[in-house]
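Visitor: I am new to this structure. Could you walk me through it with some questions and answers?

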Amino acid sequence: MKGSCERQVFERLRLAYGTSGWWPAESGFEVMVGAVLTQNTAWANVERAIAELRRADLLAPEAIAAVGLGQLASLIRSSGYFNVKAARLKALVAWIHDSGGLEALGRMPTEVLRARLLEVKGVGPETADDILLYAFHRPVFVIDAYTRRLFSRLGAIRGNEHYEILRRRFEEAFPDDVARLNEYHALIVRHAKDVCRSRPLCPGCALKDLCAVGALQPG
DNA sequence: ACCCAGGGTCATA
DNA sequence: TATGACCATGGG
């Protein structure tokens, strides 16, 4: 077996799908907004909400800070949990302001920035890592439900490991490699949407032979 | 009608 | 530490 399981799957997906060019956004702040809005929500619903925010010229921290909470909630209605998410966007832009702005945040070391992100109400581990990787271009990996499901099926993990345990595994497979960590998460999401949605061993799956072998060893 | 989607918080045992 | 309730829209 050549290389770690994490590296094998990456190589297989990359050959199958090529480059994805994530995250779909026109600015770092738009990445941050999308990361909050997509929490437990289909991306198509988030796209409409972001389009509404763009139409209202609200894709800037100061603009979100200035708009009314109810107004904000109604604009992001399509993304679901709109009352919760409106409050989370408010908390996010308040945090940006209190931190001295996006430029100041961009100068912080990754571990400091991560710890500060996790203090924001509504920003958990996955949202924080989305923001670190795709808005601030830091070498972290995003563990989502797709990643757990895929690697569980491959036999490489149990699936219920703690977030930080899994994150460390992927980051150690591609240390300080922002480009590959970026592409990897994008590929996993793309693959999940493409074929292996509800069952293993789907025909045409890029990982079919890995599934057929039965299991990949952890590590 | 039911299930799920690019989670997180809070209360409870 | 680890479940459970809650948040809510839209597509399959």
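**Contacts with the DNA**

Guide: Let us begin at DNA strand C. In this predicted model, a polar side-chain atom of Asn45 lies 3.1 Å from a sugar or linking oxygen of DNA strand C.

Visitor: Which residue has a polar side-chain atom 2.9 Å from a phosphate oxygen of DNA strand C?

Guide: The residues around DNA strand C include Asn45, Arg48, Arg77 and Tyr81. Tyr81 places a polar side-chain atom 2.3 Å from a base nitrogen of the strand. The phosphate oxygen, at 2.9 Å, is approached by Arg77.

Visitor: Which element gives the most to the surface near DNA strand C?

Guide: Two elements give two or more residues there: α3 (43-55) and α6 (82-98). With 3 residues, the top contributor is α6.

Visitor: How do the residues of that surface near DNA strand C divide into nonpolar, polar and charged?

Guide: Phe82, Asn83 and Val84 are among the residues around the strand. The surface near DNA strand C holds 3 nonpolar, 5 polar and 2 charged residues.

Visitor: What share of the atoms of DNA strand B within 4 Å of the protein belongs to sugar or phosphate?

Guide: Around DNA strand B there are 22 residues, and Trp23, Asn40, Gly124, Thr127 and Tyr146 come nearest. A phosphate oxygen of the strand is 3.1 Å from a polar backbone atom of Gly122. Trp43 has a backbone N or O atom 3.4 Å from a phosphate oxygen. Bases supply the rest of those strand atoms, and the sugar or phosphate share is 62%.

Visitor: Which element gives the largest share of the surface near DNA strand B?

Guide: Arg88 has a polar side-chain atom 3.5 Å from a sugar or linking oxygen of DNA strand B. The elements giving two or more residues to this surface are α9 (125-134), α10 (145-153) and α12 (178-194). The largest share, 3 residues, comes from α9.

**Inside the protein**

Visitor: Why do the buried residues of α11 lie on the same side of the helix?

Guide: In α11 (residues 163-173), the buried residues are Tyr163, Leu166, Arg167, Phe170, Glu171 and Ala173. They lie on the same side of α11 because they cover an arc of only 155° around the axis. An α-helix has 3.6 residues a turn, so residues three or four places apart point the same way. These buried residues of α11 pack against α1 (5-17), α8 (110-117), α9, α10 and α12.

Visitor: Is Arg167 buried or exposed?

Guide: Arg167 lies in helix α11. Its contacts, leaving out residues up to four places away in sequence, are Arg114, Asp129, Val140, Phe141 and Ile143. Buried means under 20% relative accessible area. Arg167 has a relative accessible area of 8%, so Arg167 is buried.

Visitor: Which side chain does a polar contact of 2.8 Å join to that of Arg167?

Guide: Both partners are among the buried residues of α11. The polar contact of 2.8 Å runs from the side chain of Arg167 to that of Glu171.

**The whole chain**

Visitor: What is the radius of gyration of chain A?

Guide: Chain A has 13 helices and 0 strands. The globule rule gives 17 Å for 219 residues, and the computed value is close to that, so chain A is as compact as a globular protein of that length. The radius of gyration is 18 Å.

Visitor: How many of the residues of chain A, in percent, count as buried?

Guide: Along its principal axes, the C-alpha trace spans about 55 × 35 × 30 Å. Of the 219 residues of chain A, the buried part is 49%.

Notes
Residues numbered from 1 in each chain as written. Chains lettered and ligands numbered in written order. Predicted model: local features only at pLDDT ≥ 70, side-chain atom pairs only at ≥ 80, totals over all residues. Heavy atoms only, no water. Near = heavy atom within 4 Å. Polar contact = N/O pair within 3.5 Å; in protein donor to acceptor, adjacent residues only side chain to side chain. Helix = DSSP H or I, 4+ residues; strand = E, 2+ residues; numbered from the N terminus. Buried < 20%, exposed > 50% of the residue type's maximum accessible area, 1.4 Å probe, protein only. Arc of directions from axis to C-beta. Contact = heavy atoms within 4.5 Å. Rg over C-alpha atoms; globule rule 2.2 N^0.38 Å. Nonpolar A, V, L, I, M, F, W, Y, C, P; charged D, E, K, R; others polar.
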